[in-house]
Amino acid sequence: MHAAVIVFPGSNCDRDMKVAFENVGAKVSMVWHKDTEMPAGVDVIGVPGGFSFGDYLRCGAIAANSPICQSVKAHADKGGYVLGICNGFQVLTETGLLPGVLLRNSGLKYVCKALDLKVETSNSAYTSGYNAGTTITIPIAHHDGNYYADDDTLARLNDEDRVAFRYVENPNGSQQDIAGILSENRRVLGMMPHPERMAEETHGNTEGATLFTSLVGSLETA
Amino acid sequence: MKARVHVMLKNGVLDPQGEAVRHALGSLGFDGVEGVRQGKIIELDLTETDPGKAKETVTAMCEKLLANTVIESYSVEIA
C-alpha cells in the first residue's frame, strides 16, 4: 500500500501518521501543500493533525484551499481513500469532502487527554478490524472539535451508518457525541481523536493501530 | 476601493465564545445582557473601481473562503 501524508505549514502530527502507516507495512510519501499532484500509485491520503496555517480564519480553511487539496479532492472523487485526523478532519469538512463543521469546544478549553470511544460501525475499511459497539481508548488534543451539522445531515449520517466513532463522555459539545464520520462511499474518514498516538505498546495501548491494520488489510484484499 | 465583510454565526449555531463574553459581562456587574454573539469583520483593499463588480467579487470570496456557509452568514459593504 502506498500512503501520502500531506504536510502543511503548522502540521505537527504528520510524522506520527507516517510512522503509523509504516508500522503496518505501507510505503509513505510526504507531500508538501504547494505540490499540485500526488505521487503515482497513491492508495490512501492522510491529512494529519496540527494547526495548519495557524488556524487563521477558521481551522482548516486556508489548508482546504491550498494547491494540493485539489488533488486530495480529485483522489476522493475517483473513489480513493482519505483519512483526516484532528486538523485533518477540519480540513476535510472545509473542502466539503465531509459534511458539517468543527466548532470551538463548548467548554472553550483546549482538551488533551485519552478517552473512551465507541466504535459505531465496522462497515468501513478503517473500522473493519473492530467489532461495532467496542470501546477503545484513544487520545484527543484539540480546541475546535465540537462537531456541528444541521438536523438533516445528522439524520442522514445516522441512517446511512456513517458515524464511525462516538465519545463515551462528550469532551467538547459535539452533537450526538460524534467523534468521527465517514463519507457516503465510506472511503473518507474524518475523526478528531488520534489513533496514530495509540499505535505502539509504548503509547499505552495499540487500539489505534487496528485502524491502520484494517485499512491495509482491506486494500490488499480489494 | 474598500470592502468590508461581516461574518456572523447563523442563528441556532451555538457560539461558545459569545456565551463566555456574556458570562464575563455578568460577572462585571453588567446585568440584563441576554445574549452575545461574536463575529468578525474583514476589511479588503481592492484595485477594482466598479462597486457592482467589487461586490460580486467579494461575494465570491465569501462563498469560497471568507465564510463557511454551513455555520456562518455574511454581508458585504462596499465603500
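Student: How many residues of chain A are in contact with how many residues of chain B?
Tutor: First, this is a predicted model, where local features need pLDDT of at least 70, side-chain atom pairs count only at pLDDT 80 or more, and totals for chains, interfaces and linings use all residues. Residues are numbered from 1 along each chain as its sequence is written, while chains are lettered from A and ligands numbered from 1 in the order in which they are written. Two residues are in contact if their C-beta atoms, placed from the backbone, lie within 7 Å. On that basis, twelve residues of chain A are in contact with residues of chain B that number nine.

Student: And what are the residues on the side of chain A that touches chain B: how do they divide?
Tutor: Here Ala, Val, Leu, Ile, Met, Phe, Trp, Tyr, Cys and Pro count as nonpolar, Asp, Glu, Lys and Arg as charged, and the others, Gly among them, as polar. The side of chain A that touches chain B then gives five nonpolar, four polar and three charged.

Student: Which residues is A61(A) in contact with, leaving aside its neighbours within four places in sequence?
Tutor: A61(A) sits in helix α2 (residues 61-64) of chain A; helices (H or I, at least four residues) and strands (E, at least two) are DSSP runs, numbered from the N terminus. Its C-alpha atom is separated by 9.0 Å from that of T93(A), 32 residues apart along the chain. The contacts of A61(A) are in both chains: E94(A), L65(B) and N68(B).

Student: Why does A61(A) count as buried?
Tutor: A residue is buried if 20 or more other C-beta atoms lie within 10 Å of its own, exposed if 12 or fewer, and partly exposed in between, with C-beta atoms placed from the backbone. A61(A) counts as buried because its C-beta neighbours inside 10 Å number 22.

Student: Which strands stand at the edges of the nine-strand sheet in chain A?
Tutor: Strands pair if DSSP finds at least two bridges between them. This open sheet has the order β2-β1-β3-β4-β11-β10-β9-β6-β7 (chain A), with mixed pairing. Each edge strand has a single partner strand, so one side of it is left without a neighbour in the sheet; the edges are β2 (27-32) and β7 (135-142) of chain A.

Student: Which residue stands opposite I6(A) in β2(A)?
Tutor: Strand β1 (residues 2-7) of chain A pairs with β2(A) over six bridges, in the parallel sense. Look across from I6(A) into β2(A) and you find V31(A).

Student: How many of the five residues of β4(A) are buried?
Tutor: Take the two faces in turn: Y81(A), L83(A) and I85(A) are buried on one side, and V82(A) and G84(A) on the other. So β4(A) is largely enclosed by the rest of the structure, and the buried count is five of the five.

Student: What stands opposite V82(A) in β11(A)?
Tutor: On the β3(A) side, four bridges join β3(A) to β4(A) in parallel, and I45(A) is the bridge partner of V82(A). β4(A) also pairs with β11(A) in the parallel sense, again over four bridges. There the residue opposite V82(A) is V188(A).

Student: Is F53(A) buried or exposed?
Tutor: F53(A) is in the loop between β3 and α2 of chain A. Its phi is near 50°, a positive value in a residue other than glycine. With 21 C-beta neighbours inside 10 Å, F53(A) counts as buried.

Student: Over in chain B, which residues of α2(B) are buried?
Tutor: Look first at the other side of the helix, where G52(B), A60(B), E63(B) and K64(B) are exposed. What covers the buried residues includes β1 (2-9), β2 (40-45) and β3 (72-78) of chain B. The buried ones are A54(B), V58(B), C62(B) and L66(B).

Student: Why are those on the same side of α2(B)?
Tutor: An α-helix has 3.6 residues a turn, so residues three or four places apart point the same way. Using the directions from the helix axis to the C-beta atoms, these residues are on the same side of α2(B) because they cover an arc of only 80°.

Student: Which are the edge strands of the sheet in chain B?
Tutor: The open sheet of three strands has the order β2-β1-β3 (chain B), with antiparallel pairing. Seven bridges join β1(B) to β3(B), and H6(B) stands opposite S75(B) in β3(B). The strands that pair on one side only are β2 and β3 of chain B.
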